[in-house]
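The following note collects several points on backbone geometry and side-chain burial. It is intended to be read alongside the coordinates.

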Amino acid sequence: MSMSSLKERTALKAQTTERVRDVAAMLEEEIVLGWLLPRERLVEEELAERLAVKRHVVREALADLERVGLVERIPNRGAVVKLLDPVEVRQIYSVREALETLAAQQIPLPLSGLILEELHAVQQQHAVAVECADARAAFRANMRFHETLFRACGNRHLVELIQAMAQKVHGARSITAASPEHLRLARDQHAAMVEALANGDRDRLVALCRQHLGPSRDAYIATVEARFARDRQQVAAPQP
């Protein structure tokens with residue numbers, strides 16, 4: 001194989017990898033925002049046509065999402081958005097609470113002015129997205145806010161664990177991520193976190209990080225448990 005051919009293949013592989021990453025990120029956002037619902041089929045041909053990519057790109061993107069727990073494959077149905085079990089959601093959120101409050105406890109106070117400015121800027125971006133009812137922009141700004149916040153603890157291993165646990169239950173945010181009420185609540189809590197950091201109030205910051213996890217967790221669990229109850233009632237109902 002000539003050097004030019006090798007370079008072309010390497011460049012093509014890099015482009016494919018980047019495209020797979022982009023498609024996976026786009027589908028992840030749609031799952032989080034509730035645009036793709038739990039147990040909804042993810043048909044490769046349809047997604048490839050809608051996203052204007054090759055089918056193999058969609059297949060690899062779905063495999064990536066399956067590895068992080070957002071997608072599952074069901075016999076005779078193919079890939080579907082994973083419906084997280086309430087017990088699993090409670091367990092993962094319990095771990096998230098432990099990790100995120102630990103990070104909040106380790107953030108050096110008083111916080112560096114540069115980091116505080118960065119965090120305030122991202123918080124403002126999130127607030128603008130909420131005001132404009134732009135759920136996708138709000139989701140992205142929310143991710144940047146928490147990444148910036150927890151990165152301030154200085155422990156990259158802890159930050160990696162926080163991000164991994166958050167991604168595992170991204171699907172649980174599908175009930176609240178596009179809800180105007182919950183978006184406004186998240187906006188206000190972010191502002192309160194920045195204020196707590198500015199004031200050097202660690203106890204307030206830790207409490208806010210703990211409270212911040214509750215709405216998405218509780219709304220998802222309530223919705224899924226109600227759905228399970230309806231399913232049981234339908235199964236138990238006498239057939240005509």
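**Notes on the predicted model**

1. N76 is exposed, with a relative accessible area of 85%. This residue belongs to the loop that runs between β1 (71–74) and β2 (78–81). Although N76 is not a glycine, its phi is positive, at about 70 degrees. The model is a predicted one, and the backbone values in this note should be read accordingly.

2. A positive phi also occurs at R39, where the angle is about 75 degrees and the residue is again not a glycine. R39 is located in the loop between α1 (3–32) and α2 (44–51). Its relative accessibility is 33%, so R39 counts as partly exposed; the cut-off for exposed is over 50%.

3. Helix α3 spans residues 55–67, which amounts to 13 residues. From its first C-alpha to its last, α3 reaches 19 Å, close to the 18 Å expected at 1.5 Å a residue. After α3 comes G69, which has a positive phi near 90 degrees.

4. Which residues of α3 are buried? They are V57, V58, A61, L62 and L65. Around the axis they cover an arc of only 130 degrees, and therefore lie on the same side of α3. As a general matter, an α-helix has 3.6 residues a turn, so residues three or four places apart point the same way.

5. The peptide bond between L109 and P110 is cis, with omega about 0 degrees. P110 sits in the loop connecting α4 (86–106) and α5 (113–131).

Conventions: Residues are numbered from 1 along each chain as its sequence is written. This is a predicted model: local features need pLDDT of at least 70, side-chain atom pairs count only at pLDDT 80 or more; totals for chains, interfaces and linings use all residues. Side-chain values use heavy atoms; hydrogens and water are left out. Helices (H or I, at least four residues) and strands (E, at least two) are DSSP runs, numbered from the N terminus. Buried means under 20% relative accessible area, exposed over 50%, partly exposed in between (1.4 Å probe, protein chains only). The expected span of a helix is 1.5 Å times one less than its number of residues. The arc is that of the directions from the helix axis to the C-beta atoms.
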